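Today I went looking for empty space in this one. These are my notes on pockets and cavities, in the order I looked them up.

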Amino acid sequence: MAKVKTVYVCQSCGQSFPKWAGQCSSCQEWNTLAEEVEVPKGSRGDIMAGGTLAIVENLGDIKTERTQRWMTGIDVFDEMIGGGLVPGGITLIGGEPGVGKSTFMLQLISRLGVNIKPVAYISGEESATQIKLRADRLGIGNGSDIYLLAEQNLNSALNALASYLPRVLIVDSIQTVYTPNLESSPGSVGQIRECASMLTKFGKERQLPVFIVGHVTKDGNIAGPKILEHIVDTVLYFEGETNSNFRILRVFKNRYGATGEVSVFQMTDNGLTSVINPSDIFINQNRTESPGVLVAPLLQGSRCILAEIQALVTQSYLPMPRRVVSGMDPNKLGLLIAVLERHGGVKFYNKDVYANVAGGLRLSEPGGDLPLALALAGSLMDKPFPKDTICAGEVTLSGEIRPVSQLSRRIAEARRFGFKKIMVSSYSDIEAGKGIIKVKTLKEAVNAFFKGA
Ligand code: TYD
Ligand code: MG
């Protein structure tokens, strides 16, 4: 095979070089050169060279056929990605090593209907025997139409597949496969990008869904899935502590559906099982009232999940008190502390503050402001929040409580779990009474629960 010519392109300024160097001599940035296949340029003066005639269409004349979607048989997953797989759709599944990506992919392909067979699984990580052992553990494999390729050379793997005509392709993982078109080692930025574009081309041409598994580390920044996010159609991230059994699969980007959707799984001895009612596992039904802990109805995409929010406020012995968060943006905590100090009548300047959303959920929508603020105030004043109460509201910089979206869905979920009182903004489109408490300001809310006013 003729060697493809490659160049090293600076990812910061775009300058290309024939050889790799640690520093870009053009923009002086360090470690920005990545190997790429050289695209032949048109000769000077003729910018159109190297192209054919592109098709120009009138938007109004384009016929749309509703693309048929393929159900995977894992209902929560199908729903989350917008109603099944899209033929030709490229999906990136990212997550930390050990979170369950390979397990999930294997279960997914075993559940596909008979008309979505065969499936090809390219593994650059594990041997065929290892995959077979896992499949046995999951109780799948016998009689299924799964072709395994324990191969790291992506060119070889795709060549082999040309005659097998798979309907679905899985590559596990993008960091362990390589194309000999580039000299750089597997896992480098150039390799990852080139392999991903080969897979995209393969999938789009043959109209098959392609799943690209990618490892992300805790900081999420090692040459990996991040650089692929704009190439693929759908980006899913698997989250969850390896020492807890629950895993959250989150839609980060989706050209065929909504983002922010989640589905929850439990890792068991025989693989991942879907959790139909996630609120069940994120709140402790037998919890006792304790200061700084309360339950909030958080929206995760179009679903409402009840989650426990925990805050701990302690005396600080540091010149710069600590602000530690998990499951939320640290700026959100800083902002709520500022509003509480200015408008809520409580002071945090000499306190260390820790805040957490239990179970690995994220507090990423405004409805979580009021619950977090009240958890903070409760911990500071060492007063418990009533166990039968729940709240949802956006806190403004001026200390007002604004209404939240999907209030009826949140109320329904709260009622389902036996919460009797629900605190919402006075401006909400719902009548007070029957357990609905309305508040205008954060100060009012704090006073109602913790100052007995
Ligand atoms: P794996 O799918 O290999 O993770 P990834 O591909 O994301 O690196 O899953 C690894 C973990 O899952 C491993 O610690 C063992 C555990 N596991 C189970 O608990 N039950 C099972 O049935 C399987 C197959 C794995
Ligand atoms: Mg794996």
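Which residues lie nearest the centre of the largest cavity? I found Ile81, Leu85, Val86, Thr91 and Thr234 there, out of 14 lining residues. A reminder to myself: this is a predicted model.

**Largest cavity.** I noted a volume of about 100 Å³. By class, I got 8 nonpolar, 5 polar and 1 charged residue in the lining.

**Cavity count.** I set the cut-off at 30 Å³ or more and got 3 cavities.

**Second largest cavity.** I read off about 50 Å³ of space here. I listed the lining as Arg287, Thr288, Glu289, Ser290, Val293, Leu294, Val295, Phe385, Pro386, Lys387, Thr389 and Phe419. Strand E13 covers 293-300, and E13 gives the largest share of this lining, with 3 residues. The class split came out as 6 nonpolar, 3 polar and 3 charged.

**Largest pocket.** Next I turned to the open spaces. The largest pocket holds about 930 Å³. I counted 36 residues in its lining, and Glu96, Phe238, Glu239, Gly240 and Arg362 are the closest to its centre. Which elements give two or more residues to this lining? I got four strands: E9 (234-239), E10 (246-254), E13 (293-300) and E16 (351-357). E10 gives the most, with 6 residues. So much for elements; I also checked domains. Domain 2 (71-276) and domain 3 (281-450) each put at least three residues into the lining. By class, I have 15 polar, 11 nonpolar and 10 charged residues.

I also jotted down that E13 turns up twice in these notes: E13 lends residues to the largest pocket and to the second largest cavity.

**Second largest pocket.** My last stop has about 240 Å³ of space. Which helices each supply at least two residues of its lining? I found H4 (154-161) and H5 (189-206). H5 has the largest share, 7 residues. I wrote the lining out in full: Asn155, Leu158, Asn159, Glu194, Ser197, Met198, Lys201, Phe202, Glu205 and Arg206. Sorted by class, that lining is 4 charged, 3 polar and 3 nonpolar.

How values were computed. Residues numbered from 1 in each chain as written. Chains lettered and ligands numbered in written order. Predicted model: local features only at pLDDT ≥ 70, side-chain atom pairs only at ≥ 80, totals over all residues. Heavy atoms only, no water. 1 Å grid on protein atoms, 1.4 Å probe; cavity = no way out; pocket = protein on both sides within 12 Å on 5 of 7 lines; lining within 4 Å. Points joined across faces, edges and corners; volume = space filled by probe spheres on them. Nonpolar A, V, L, I, M, F, W, Y, C, P; charged D, E, K, R; others polar. Domains from an automatic or database assignment.
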